[in-house]
Amino acid sequence: IYTRECLLALKAIIMSVSHKIVPVRKYQIPFFCYDNFNIAFLWVHRKRIIVGFVEDKKVLSKYQTNRSKDRVMTMKINPMEDIPIDTIKNNIKKLIERYTSFLTST
């Protein structure tokens with residue numbers, strides 16, 4: 001019952017961090033991109049919502065280029081409990097800072 005409302009709230013929280021964050025659909029799930037970099041996604045698994053924070057493989061250092069996949073950190077959200085807004089926003093801000101520094105260094 002509360003899953004849909006929680007997903008909409010999470011979408012609003014993620015998009016409120018920066019006006020450059022764009023919602024897209026990849027792999028049949030909602031993703032959020034920042035300057036063509038994957039930054040986050042939402043997934044529902046057994047009535048729990050999973051927020052994934054994606055560190056795009058394009059920005060990994062030269063020493064880590066043997067990685068063929070993006071790094072993903074996940075956070076489980078119970079729709080019946082409060083959403084940890086500050087934690088989500090801080091994770092998104094850290095990723096944006098990393099992407100911004102990567103873009104300015106290239």
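What follows is a short working chat about a predicted model, covering its helices, a hairpin, its cysteines and its salt bridges.

User: Start with H2. Which residues does helix H2 cover, and what span should they have?
Analyst: This is a predicted model, to be clear. Helix H2 runs over residues 85–105, 21 residues in total. At 1.5 Å a residue it should span 30 Å. Its end C-alpha atoms are 30 Å apart, so the expectation and the model agree.

User: Which residues of H2 are buried?
Analyst: Ile88, Asn91, Ile92, Leu95, Ile96 and Tyr99. Seen down the axis of H2, these buried residues fall within an arc of 135 degrees, so they line one face of the helix.

User: Why would residues spaced three or four places apart point the same way?
Analyst: An α-helix has 3.6 residues a turn, so residues with that spacing point the same way.

User: And what is exposed on the other side of H2?
Analyst: Asp86, Lys94, Glu97, Thr104 and Ser105.

User: What do the buried residues of H2 pack against?
Analyst: One helix, H1 (3–16), is on the list. The strands are E1 (21–26), E2 (29–34), E3 (37–45), E4 (48–55) and E5 (71–77).

User: OK, H1 then. How many residues does H1 have, and how far does it reach?
Analyst: H1 has 14 residues. From first C-alpha to last it reaches 20 Å, close to the 20 Å expected at 1.5 Å a residue.

User: Which H1 residues are buried?
Analyst: Cys6, Leu10, Ile13 and Ile14 are buried in H1. They cover an arc of only 95 degrees around the axis, which puts them on the same side of H1.

User: What covers the buried residues of H1?
Analyst: The cover includes E1, E2, E3, E4, E5 and H2.

User: You listed Cys6. Is Cys33 buried or exposed?
Analyst: Cys33 is buried, at a relative accessible area of 10%. Cys6 is buried too, with a value of 5%.

User: How many disulfides does the count come to?
Analyst: Zero. The test asks for cysteine sulfur atoms within 2.5 Å.

User: Switching to strands. In what sense do E1 and E2 pair, and over how many bridges?
Analyst: The sense is antiparallel, over six bridges. Lys26 stands opposite Ile29 in E2.

User: How many residues sit between the strands in that hairpin of E1 and E2?
Analyst: Two. Tyr27 takes a positive phi in this hairpin, near 55 degrees.

User: Salt bridges next. How many turn up in the whole structure?
Analyst: Two. Lys20 forms one with Asp35, and their closest N and O atoms are 3.9 Å apart. Lys20 lies in the loop between H1 and E1, and Asp35 in the loop between E2 and E3, so the pair ties together parts 15 residues apart in sequence.

User: What is the relative accessibility of Lys20? And the relative accessible area of Asp35?
Analyst: Lys20 is at 36%, which counts as partly exposed. Asp35 is at 33%, also partly exposed.

User: What about Glu55, which residue does it form a salt bridge with?
Analyst: Arg98, with the closest N and O atoms 2.7 Å apart. This pair links distant parts of the chain, with Glu55 in strand E4 and Arg98 in helix H2, 43 residues apart.

User: Does Glu55 count as buried or exposed?
Analyst: Glu55 counts as buried, at 11% relative accessibility. The cut-off for buried is under 20%. Its partner Arg98 is partly exposed, with a relative accessible area of 33%.

Note on methods:
Residues are numbered from 1 along each chain as its sequence is written. This is a predicted model: local features need pLDDT of at least 70, side-chain atom pairs count only at pLDDT 80 or more; totals for chains, interfaces and linings use all residues. Side-chain values use heavy atoms; hydrogens and water are left out. Helices (H or I, at least four residues) and strands (E, at least two) are DSSP runs, numbered from the N terminus. The expected span of a helix is 1.5 Å times one less than its number of residues. Buried means under 20% relative accessible area, exposed over 50%, partly exposed in between (1.4 Å probe, protein chains only). The arc is that of the directions from the helix axis to the C-beta atoms. Contact means heavy atoms within 4.5 Å. Two strands pair if DSSP finds at least two bridges between them. A salt bridge is a side-chain nitrogen of Lys or Arg within 4 Å of a carboxyl oxygen of Asp or Glu.
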